[in-house]
Amino acid sequence: MDPTLAQPRGLGSGELAMVEPSPRAAVVASLAGTLSRAVALGDEEAARVVHEAIGQLLGLPVAPEG
């Protein structure tokens with residue numbers, strides 16, 4: 001397959017096409033920002049809750065409490 005056929009028209013070598021993120025990716029990105037702010041503020045409980053929410057959205061196993 002000719003690699004030039006795989007690139008969208010109008011993009012040069014090394015350029016990336018901008019695409020809309022999926023709704024799930026947008027939520028994860030928003031939660032990541034919230035997690036970052038909670039950590040910066042030292043709010044451990046909020047950071048834990050947001051971290052768990054991100055894990056659930058990504059289908060990661062829940063860590064046991066303790």
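Visitor: What makes V28, L35, A38, A47, V50 and I54 a nonpolar core?

Guide: Those six residues make up the largest nonpolar core. The term stands for a set of buried Ala, Val, Leu, Ile, Met, Phe, Trp, Tyr and Cys residues joined through side-chain atoms within 4.5 Å. Buried here means under 20% relative accessible area with a 1.4 Å probe, protein chains only. This is a predicted model, where local features need pLDDT of at least 70, side-chain atom pairs count only at pLDDT 80 or more, and totals for chains, interfaces and linings use all residues. Side-chain values use heavy atoms, without hydrogens and water, and residues are numbered from 1 along each chain as its sequence is written.

Visitor: Which elements give two or more residues to this core?

Guide: They are α2 and α3. Helices are DSSP runs (H or I, at least four residues), numbered from the N terminus.

Visitor: Why are α2 and α3 called roughly antiparallel?

Guide: The axes of α2 (residues 23–41) and α3 (residues 44–58) cross at roughly 160 degrees and come within 9 Å. Axes are lines fitted to C-alpha atoms over the stretch in contact, with angles from 0 to 180 degrees between N-to-C directions. Angles over 145 degrees count as roughly antiparallel, so α2 and α3 earn that name.

Visitor: Which residues of α3 make the contact with α2?

Guide: Contact means heavy atoms within 4.5 Å. On α3, the residues are A46, A47, V50, H51, A53, I54, L57 and L58.

Visitor: What is I54 in contact with, leaving aside its neighbours within four places in sequence?

Guide: I54 touches V28, L31, A32 and L35.

Terms used. Parallel < 35°, antiparallel > 145°, perpendicular 65-115°, else oblique. Buried < 20%, exposed > 50% of the residue type's maximum accessible area, 1.4 Å probe, protein only.
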